[in-house]
Amino acid sequence: MSKKTLIIGAGGVGNVVAFKCAMNVETFGEITLASRTVSKCDVIAANIKEKVGVHIATAKVDADSVPELVELIERFQVDIVINVALPYQDLTIMDACTQTGVDYLDTANYEHPDTAKFEYKEQWERDGQFKYAEIMGLLGSGFDPGVTNVFCAYAQKHYFDEIHSIDILDCNAGDHGYPFATNFNPEINLREVSAKGRYWENGEWIETDPMEIKQVWDYPEVGPKDSYLLYHEEMESLVKHIKGLKRIRFFMTFGESYLTHMKCLENVGMLGIKEVEHKGMKIVPMEFLATLLPDPASLGPRTKGKTNIGVFAKGIKDGQEKTVYIYQITDHESCYAEVLSQGVSYTTGVPAMIGAKLMLEGKWQAKGVHNMEEFDPDPFMDELMKQGLPWKVMELEGSATREVK
Ligand code: NDP
């Protein structure tokens with residue numbers, strides 16, 4: 001019987017998910033794209049009709065409201081909800097899924113709008129409700145989190161008896177030509193990079209000041225780039241699921257200009273998330289800044305260059321030390337040519353579609369709330385190859401590194 005799919009959120013990532021589901025219409029069946037601003041859904045639907053020849057329906061929804069979501073899900077009788085709105089909406093959408101008995105997938109873990117802190121606690125706590133409703137929730141099916149978790153599971157399955165250290169390396173060497181812009185939702189992006197860093201070693205989380213630890217890593221097809229240690233959400237689940245792990249860190253590349261702009265904005269209070277009074281009105285500086293910055297969806301036609309995101313793992317196989325680097329390179333301009341979007345939205349949206357595809361096909365199915373590395377990585381890795389995100393594996397001798405000293 002034909003399936004029915006609901007995508008919530010019509011931003012940069014929602015555009016890619018809608019395109020890619022339409023390109024796999026035999027799995028996703030009848031597709032509906034719903035968001036707060038329905039005109040954005042209509043533009044995406046028209047582009048899909050023109051480029052892919054598939055009709056998708058559109059709808060308006062306030063995803064902060066569980067009753068509105070329940071009404072929408074019941075109206076369209078969907079089999080799965082793909083949440084690519086903002087992390088603030090994760091819990092309401094999950095609750096609407098348990099009320100209606102429909103599977104759930106997202107790409108970023110829950111954040112409360114008033115606290116710049118993200119963790120899986122509230123989502124993992126819904127595991128019992130998901131099991132009781134006999135539905136599945138797949139958390140973090142983007143690139144990082146998402147593909148990076150699957151790369152770790154793949155390394156564990158095929159290359160190691162035990163993985164001792166993991167460095168997740170996220171490089172965006174794209175250039176959009178603006179002095180300052182963010183590649184995905186500005187508020188979420190700036191909250192993430194201005195927060196304290198954190199990594200995990202020998203069973204403990206170690207906190208660092210924002211951007212305190214810098215290393216230069218040599219990225220294949222991109223070259224050496226300044227990379228800064230950040231806290232990133234996939235580490236929270238990977239420390240639970242990867243055998244023998246002693247350390248895990250996450251690095252992201254930033255250019256001088258980006259960091260100087262960010263420091264300046266921070267110094268003048270523009271990254272604040274608490275309300276301030278302005279001429280009798282209450283405004284949140286970060287929200288106002290997000291209004292001023294270019295819409296990430298508008299970067300598509302201007303962005304040139306590549307992304308390279310991967311996992312650098314060291315460990316033991318048959319008693320020997322070994323190092324494996326699994327990575328994926330995406331070209332921003334090719335993404336635009338295919339789905340009218342830049343590479344960061346593309347690398348997030350394609351894995352969201354793949355996660356949902358495996359769920360609908362029953363290849364990844366388990367009741368309750370799950371992270372990506374809990375499933376067999378092989379079907380996901382096969383889909384990455386077929387759906388536009390081909391990856392490579394580099395096997396290195398002993399404890400080799402690509403860090404440039
Ligand atoms: P955008 O800001 O471009 O889009 C977000 C969309 O959600 C907008 O269309 C917005 O509506 C809609 N939205 C916001 N609030 C509501 C609401 N209350 N009800 C209904 N719709 C709402 O963000 P992105 O597309 O860049 O990012 C989408 C998600 O992907 C985010 O959660 C982000 O954290 C995640 N992400 C994950 C990555 C990964 O690798 N795992 C990487 C990059 C992003 P409106 O148009 O009205 O503003």
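**View 1. The lining of the second largest pocket mixes five nonpolar, three polar and two charged residues.** Here Ala, Val, Leu, Ile, Met, Phe, Trp, Tyr, Cys and Pro count as nonpolar, Asp, Glu, Lys and Arg as charged, and the others, Gly among them, as polar. This is a predicted model, in which local features need pLDDT of at least 70 and side-chain atom pairs pLDDT 80 or more, while totals for chains, interfaces and linings use all residues. Residues are numbered from 1 along each chain as its sequence is written, and side-chain values use heavy atoms, with hydrogens and water left out. Look for Arg 191 and Glu 266 in the lining, along with Ala 116, Ser 194, Ala 195, Gly 269, Leu 271, Gly 272, Ile 273 and Met 286. The pocket holds about 180 Å³ of space. A pocket is an open set of points on a 1 Å grid over the protein atoms alone, where a 1.4 Å probe fits, with protein on both sides within 12 Å along at least five of seven lines; lining residues have an atom within 4 Å of a point. Points are joined across faces, edges and corners, and the volume is the space filled by probe spheres set on them.

**View 2. The shell around the ligand has 13 nonpolar, ten polar and five charged residues.** Of the 28 residues around the ligand (a heavy atom within 4 Å), those that come nearest are Arg 36, Thr 37, Lys 40, Ala 63 and Asn 185.

**View 3. Polar contacts (N or O atoms within 3.5 Å) reach the ligand from Ala 10, Val 13 and Asp 64.** A backbone N or O atom of Ala 10 sits 3.1 Å from a ligand oxygen, and one of Val 13 sits 2.9 Å from a ligand oxygen. Asp 64 brings a polar side-chain atom to 3.2 Å from a ligand nitrogen. The protein buries 92% of the 930 Å² that the ligand exposes when taken alone, by the Shrake-Rupley method with a 1.4 Å probe.

Key:
Polar contact = N/O pair within 3.5 Å; in protein donor to acceptor, adjacent residues only side chain to side chain.
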